[in-house]
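Here are my notes on your model, set out as numbered points. Please keep the sequence and the structure open beside you while you read.

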Amino acid sequence: MKFHVPDMSCDGCLRSVTKAVTTLDPAARVTADHPTRTIEVETSASAEAVGRALADAGFPASAA
């Protein structure tokens, strides 16, 4: 699944985003494209759960 994370602007932000997702699913994989501020998430969790985890971490996201 892909998400647009407009507030992700640096590697520190990516670490926080990755931590939010892997707290939800420790086996999740997150890859980022900084120029477009998008992430691709491979997880068994639902898109809604990932979206909530991102928002709770301070990085509201929308489906990309």
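1. Let me begin with one residue in a turn. Arg 37 is partly exposed because its relative accessible area is 33%; here buried means under 20% relative accessible area, exposed over 50%, and partly exposed in between (1.4 Å probe, protein chains only). Arg 37 sits in the loop between S2 and S3. Its phi is near 55°, a positive value in a residue other than glycine.

2. A word on the ground rules. This is a predicted model, in which local features need pLDDT of at least 70 and side-chain atom pairs count only at pLDDT 80 or more, while totals for chains, interfaces and linings use all residues. Residues are numbered from 1 along each chain as its sequence is written, and side-chain values use heavy atoms, with hydrogens and water left out.

3. Now the overall layout. The protein has two helices and four strands, and along the sequence they follow the pattern β-α-β-β-α-β. Helices (H or I, at least four residues) and strands (E, at least two) are DSSP runs, numbered from the N terminus. Over residues 1-62 the chain is 39% helix and 23% strand, with the end C-alpha atoms 11 Å apart. That stretch, residues 1-62, is covered by the annotation "domain: HMA" in an unreviewed UniProt entry. UniProt positions are given in the numbering used here, feature names are shortened, and such annotations may be inferred rather than shown by experiment.

4. How do the dimensions look? The C-alpha atoms fill a box of roughly 25 × 20 × 20 Å along the principal axes. The radius of gyration is 10 Å, which agrees with the value near 11 Å for a compact globule of 64 residues; it is taken over C-alpha atoms, and the globule rule is 2.2 Å times the number of residues to the power 0.38. Buried residues make up 33% of the 64 residues. Among contacts (heavy atoms within 4.5 Å) between residues at least 6 apart in sequence, 64% join residues at least 24 apart.

5. On to the sheet. The four strands form an open sheet in the order S2-S3-S1-S4, with antiparallel pairing; two strands pair if DSSP finds at least two bridges between them. S2 and strand S4 (62-63) are the edge strands, each pairing on one side only. Strands of a sheet pair through backbone hydrogen bonds, either parallel or antiparallel.

6. The individual pairings are easy to trace on screen. Five bridges join strand S2 (residues 29-33) to S3; across this pair Ala 32 stands opposite Ile 39, and Asp 33 stands opposite Thr 38. S2 and S3 form a hairpin with four residues between them, and Arg 37 is in the turn. On the other pairing of S3, strand S1 (residues 2-4) joins it over three bridges, with His 4 as the bridge partner of Thr 38. S1 and S4 are joined by two bridges, and Phe 3 has Ala 63 as its partner in S4.

7. What lies across S2 and S3? Helix H1 does, running at about 150° to S2. Axes are lines fitted to C-alpha atoms, for helices over the stretch in contact, and angles run from 0 to 180 degrees between N-to-C directions.

8. The largest nonpolar core has 16 residues, and those with the most contacts inside it are Phe 3, Val 5, Met 8, Val 17, Val 21, Ile 39 and Leu 54. Such a core is a set of buried Ala, Val, Leu, Ile, Met, Phe, Trp, Tyr and Cys residues joined through side-chain atoms within 4.5 Å. Helix H1 (11-24), strand S3 (38-42) and helix H2 (47-56) each supply at least two of its residues, and the largest share, four residues, comes from H1.

9. Two core residues deserve a closer look. Leu 54 touches residues including Phe 3, Val 17, Val 21, Ile 39 and Phe 59, not counting those up to four places away in sequence. Met 8 is found in the loop between S1 and H1 and counts as buried because its relative accessibility is 0%. With the same sequence neighbours left out, Met 8 touches Cys 13, Leu 14, Val 17, Ala 32, His 34, Arg 37, Thr 38, Ile 39 and Phe 59. That list brings us back to Arg 37, the turn residue from the opening point.
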